[in-house]
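Colleague: I have a model open on my screen and a few things to ask about chain B. Could you walk me through them?

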Amino acid sequence: MSSSRLELSSEFGSVALEIDTRANGPRLRIENQHNRRVIYLDPLEVASLTWLTHERLGPFLDPSQTGWSSNDEGA
Amino acid sequence: MSQLAPADLITDDWRLHGSIYTSREIFAIEQQQLFHDNWLYVGHESEVREPGDYKTTFAGVQPVIVARGADDGEIRVLLNRCRHRGSAVCHDDAGNANYFRCPYHGWTYRNSGELRGITYDDAYPDLDRSRLGLVRLPRVESYAGFIFASFAPDGASLEDYLGNARKYLDIVARQGPDGIRLSAGAHKLQYNNNWKLQIENTIDNYHFGFVHRSFLDVLADRLGQAPPIMQNVMNNPEWRTIDLGNGHSVHEFGDPETGNNQGQLGDLPFNLIVFPNLCFVGAQLRHVLPKKAARTEVRLYPIMHEGEPDDANAAILRVHEGFYGPAGMGGADDIEVAFDRVGDGMQAIEEDWLIMSRGMHREQPGDNGTLIGHAADELPQRAFYRRWREQMGQAA
């Protein structure tokens with residue numbers, strides 16, 4: 001089961017958000033609509049994101065660390 | 001191009017050589033002399049209210065991103081050009097993004113400009129990423145919410161540059177009870193002629209009763225009598241043009257705080273030109289974007305009133321559209337006559353001079369070094385070209 005789906009898009013990214021209730025507790029399901037990759041985040045993980053600055057999110061925005069590495073099998 | 005030096009393209013009796021409008025060389029010199037060291041309008045703070053907000057626009061011909069920092073809220077102006085292979089990084093007119101990713105090879109930048117990452121980066125073992133951020137314009141300042149930037153690291157302060165125009169920007173900023181916002185976006189028009197024709201046309205009451213006669217006739221039908229615009233232009237001494245210095249000029253419809261054109265053109269109490277390419281007219285901010293000597297884009301931003309109800313702001317939009325909109329009764333005539341027909345005529349270059357001397361004999365000195373002229377005189381054009389000649393004359 002999951003709640004209604006939200007979509008967030010810009011010229012740089014597009015994701016679908018849902019609250020997933022299939023597990024023993026609720027999780028946030030995020031799907032990258034460009035490549036269908038999915039992550040589930042529990043409430044503590046989401047809460048911890050609020051401690052971040054956008055600068056500290058930087059490593060995840062480095063494309064060679066997230067999807068465009070020469071070492072990735074799928075590259 | 002004429003063999004004349006740029007400063008000699010304007011005579012002391014105010015004839016202008018046609019190459020001012022048609023020459024590609026003059027256009028290129030303008031980009032160096034007018035659109036580099038001067039303070040250039042790039043946006044209004046209401047367009048980038050939230051951290052991560054950005055808009056794209058142009059500083060002269062150069063594409064730029066105006067972005068509010070994700071973590072620090074600082075407004076920066078960045079060249080919209082990937083340091084790798086030159087693609088424009090941002091495409092949309094506006095958005096919210098804390099990082100920008102180039103669409104060509106995926107180079108990724110913080111919205112403050114720093115290069116954050118490169119796709120498949122093992123091929124660049126020695127690249128100094130710290131030097132490869134999006135290029136930041138060295139000076140960015142706001143006045144009354146209007147954001148300006150300069151390519152020059154040093155020079156006059158924005159306040160000194162704006163000079164006597166500041167008073168009018170303050171009045172624009174107070175149009176709504178809680179200020180203004182450009183939340184309606186812009187409509188864009190393009191024409192195949194020089195950018196300066198749109199500047200000249202912004203304060204040119206001389207053409208109004210002629211080119212826009214059909215609009216005045218429609219108003220007369222609606223109101224049951226001819227609107228008093230042209231009577232005021234020709235005979236009301238409180239309607240006046242003012243050379244504000246530094247290339248700026250204004251036309252006041254009477255009191256600059258409360259004046260009104262009484263002609264369903266929008267409720268700003270004056271028309272204003274801020275050198276080189278920012279204008280206020282009707283109910284709009286008008287940003288004139290040079291593209292080529294004979295290609296111009298104009299972005300018209302209706303000014304919404306903060307603190308007024310939606311129906312009041314909707315009424316501002318309807319009046320704006322009535323004259324200036326794509327199907328309006330005024331803007332299309334200006335494009336056809338003041339830009340296209342002028343372009344047709346100026347292909348005749350055997351006698352390549354224009355006359356910009358209307359009313360120069362009756363200019364009067366005002367306060368703070370200003371010059372005051374009749375409402376229908378070409379004083380605003382002379383104010384603009386006096387500065388143009390001064391700055392273009394500095395070209396080597």
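The questions and answers below go through the core, some backbone features and the strand pairing of this predicted model.

Colleague: Glad you have time! Which helix gives the largest share of the largest nonpolar core?

Modeller: Happy to help. That core has 93 residues, and those with the most contacts inside it include V42(B), V66(B) and F148(B). The largest share, 6 residues, comes from residues 379-392 of chain B, which is helix 11.

Colleague: And from which domains of chain B does this core draw at least three residues each?

Modeller: L272(B), I273(B) and V274(B) are also among the residues with the most contacts inside the core. At least three core residues come from each of two domains of chain B, namely domain 1 (40-159) and domain 2 (182-392).

Colleague: Let's zoom in on V42(B). Which residues does V42(B) touch, not counting those up to four places away in sequence?

Modeller: V42(B) is one of the residues with the most contacts inside the core. Leaving out residues up to four places away in sequence, V42(B) touches T57(B), A59(B), V64(B), V66(B), V77(B), I147(B), F148(B) and A149(B).

Colleague: Now the backbone. Which two residues does a cis peptide bond join?

Modeller: Look at the loop between strand 16 (270-274) and strand 17 (278-281) of chain B, where P276(B) has its place. Omega is about 0° for the peptide bond there, and the residues joined are F275(B) and P276(B).

Colleague: N246(B) has a positive phi although it is not a glycine. Is N246(B) buried or exposed?

Modeller: The phi in question is about 60°, and N246(B) sits in the loop between strand 14 (239-245) and strand 15 (248-253) of chain B. A residue needs 20 or more other C-beta atoms within 10 Å for that label. N246(B) has 22, so N246(B) is buried.

Colleague: W14(B) also interests me. Why does W14(B) count as partly exposed?

Modeller: W14(B) lies in the segment before strand 1 (15-17) of chain B and has a positive phi of about 65°. Partly exposed falls between the limits of 12 or fewer for exposed and 20 or more for buried. W14(B) gets that label because its count of C-beta neighbours inside 10 Å is 17.

Colleague: Last one, on strand pairing. How many bridges join strand 18 to strand 19 of chain B?

Modeller: These two strands form a hairpin with 2 residues between them. Within the pairing, H287(B) has R299(B) as its bridge partner in strand 19 of chain B. Strand 19 of chain B also pairs in the antiparallel sense with strand 13 (residues 187-191) over 5 bridges, with H187(B) opposite L300(B). Strands 18 and 19 of chain B likewise run antiparallel, and the number of bridges joining them is 8.

How values were computed. Residues are numbered from 1 along each chain as its sequence is written. Chains are lettered from A and ligands numbered from 1 in the order in which they are written. This is a predicted model: local features need pLDDT of at least 70, side-chain atom pairs count only at pLDDT 80 or more; totals for chains, interfaces and linings use all residues. A nonpolar core is a set of buried Ala, Val, Leu, Ile, Met, Phe, Trp, Tyr and Cys residues joined through C-beta atoms within 7 Å. Helices (H or I, at least four residues) and strands (E, at least two) are DSSP runs, numbered from the N terminus. Domain bounds come from an automatic or database domain assignment. Two residues are in contact if their C-beta atoms, placed from the backbone, lie within 7 Å. Two strands pair if DSSP finds at least two bridges between them.
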